[in-house]
Amino acid sequence: MGKVLIGLGVLVAICGASCVGSYNKLVRLSQAVDSQWSQVENVYQRRADLVPNLVETVKGAAKFERETFTAVTEARARVGQLSAQATQQITNDPAALQRFQQAQDGLSSALSRLLVVSEKYPDLKATANFRDLQVQLEGTENRIAVERMRFTQAAQEFNTARNSFPTVVMAGLFGKRFAEKAYFTAQAGAATSPHVQF
């Protein structure tokens, strides 16, 4: 009887240590995802901060492109509203991440239209201010791609650990505390090759 109790005690101690280790690992990985999400927000905020300067620079040379300026301004406002509302628990809410991504995709599309408009104005393209802003914006877009990739990697590492046995059992005991992390997805139509016609 004594050996059985000792055996049970050892088994309980091993299970307890395993649960504590799994819990701590999930906390560490969850914090890594949240930290990486902060980096994603940081580069998106950099882009949002560049937009007004870019719009004002283009406005000076392209006075008749009001529709494009309005689209950029409205897209930036939507991003600002969504960012303030959704970023608290966005890494645990796939729907919130999708809304955030859609707003950012809308801003990307509006900025693309703005840069196409700028092609019509050679004087604008020649100004140092516009060139500097365009270079900063291109660099920021590259940073966004890198930070999104790193966020997805951190989310994948968390999800892999969370869904591995026996951690998945322990994670289930904590409900939403260790819910699966959401991933960024490709923009709609990204898989379709663009049609080029000469």
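## Surface and overall make-up

The accessible surface of the protein chain comes to about 12,100 Å², and 57% of that surface belongs to carbon and sulfur atoms. The model is predicted. Of the 198 residues in the protein chain, 35% are buried.

The secondary structure is six helices and zero strands. Read from the N terminus, the elements run α-α-α-α-α-α. Take the contacts between residues at least 6 apart in sequence: 80% of them join residues at least 24 apart.

## A nonpolar patch at the surface

M1, V4, L5, L8 and L11 make a nonpolar surface patch. Its area is about 560 Å². M1 sits in the segment before α1. M1 counts as exposed, with a relative accessibility of 78%.

In soluble globular proteins, nonpolar side chains tend to be buried together. The residues of this patch, M1, V4, L5, L8 and L11, are instead at the surface.

## The nonpolar core

The largest nonpolar core has 42 residues. Within this core, W37, L111 and L114 have the most contacts. Five helices each supply at least two of the core residues: α1, α2 (66–86), α3, α5 and α6 (167–173). Helix α1 gives the largest share, twelve residues.

What does L114 touch, leaving aside its neighbours within four places in sequence? L114 is in contact with L54, V55, V58, T68, F69 and V72.

## Long-range packing around F151 and L26

F151 lies in helix α5. Its relative accessibility is 0%, so F151 counts as buried. Not counting residues up to four places away in sequence, F151 touches V33, Q36, W37, V40, T91, L97, A182 and F184. One of these partners is W37, a residue listed among those with the most contacts inside the largest nonpolar core. Another partner is V40. F151 and V40 are 111 residues apart in sequence, and their C-alpha atoms are 7.3 Å apart in space.

L26 belongs to helix α1. L26 is buried, at a relative accessible area of 1%. Setting aside residues up to four places away in sequence, L26 touches F158, A161, R162, T167, M170, A171 and F178. T167 is 141 residues from L26 along the chain. The C-alpha atoms of L26 and T167 are separated by 8.6 Å.

## Two salt bridges

How many salt bridges does the structure hold? There are two. R47 pairs with E141, with the closest N and O atoms 2.9 Å apart. R47 lies in helix α1 (residues 2–61) and E141 in helix α5 (residues 128–162), so this salt bridge ties together parts that are 94 residues apart in sequence. R47 is buried, with a relative accessible area of 1%. E141 is partly exposed, at 29% relative accessibility.

R150 forms a salt bridge with E147. Here the closest N and O atoms are 3.4 Å apart. Both residues, R150 and E147, lie in helix α5. They are three residues apart, about one turn of the helix. Is R150 buried or partly exposed? R150 counts as partly exposed, at 41% relative accessibility. E147 is buried, with a relative accessibility of 9%.

## A second polar partner for R47

The side chain of R47 also makes a polar contact with the side chain of Q104, at 2.5 Å. Q104 is found in helix α3 (residues 94–118). Q104 counts as buried because its relative accessibility is 1%, and the cut-off is under 20%. R47 is buried too, with a relative accessible area of 1%. The side chain of R47 thus has a salt-bridge partner in E141 and a polar contact with Q104.

## The cis peptide bond

Most peptide bonds are trans. Where does the model have a cis peptide bond? A cis bond joins F165 and P166, with omega at about 5 degrees. P166 is in the loop between α5 and α6.

Notes
Residues are numbered from 1 along each chain as its sequence is written. This is a predicted model: local features need pLDDT of at least 70, side-chain atom pairs count only at pLDDT 80 or more; totals for chains, interfaces and linings use all residues. Side-chain values use heavy atoms; hydrogens and water are left out. A salt bridge is a side-chain nitrogen of Lys or Arg within 4 Å of a carboxyl oxygen of Asp or Glu. Helices (H or I, at least four residues) and strands (E, at least two) are DSSP runs, numbered from the N terminus. Buried means under 20% relative accessible area, exposed over 50%, partly exposed in between (1.4 Å probe, protein chains only). Patches are made of residues with over 30% relative accessible area and no salt bridge: like charges are joined within 9 Å, nonpolar side chains (Val, Leu, Ile, Met, Phe, Trp, Tyr) within 5 Å. Accessible areas come from the Shrake-Rupley method with a 1.4 Å probe; for residues, only the protein chains shown count as cover. A polar contact is a pair of N or O atoms within 3.5 Å; within protein, one must be able to donate a hydrogen and the other to accept it, and residues adjacent in sequence count only if both atoms are side-chain atoms. A nonpolar core is a set of buried Ala, Val, Leu, Ile, Met, Phe, Trp, Tyr and Cys residues joined through side-chain atoms within 4.5 Å. Contact means heavy atoms within 4.5 Å.
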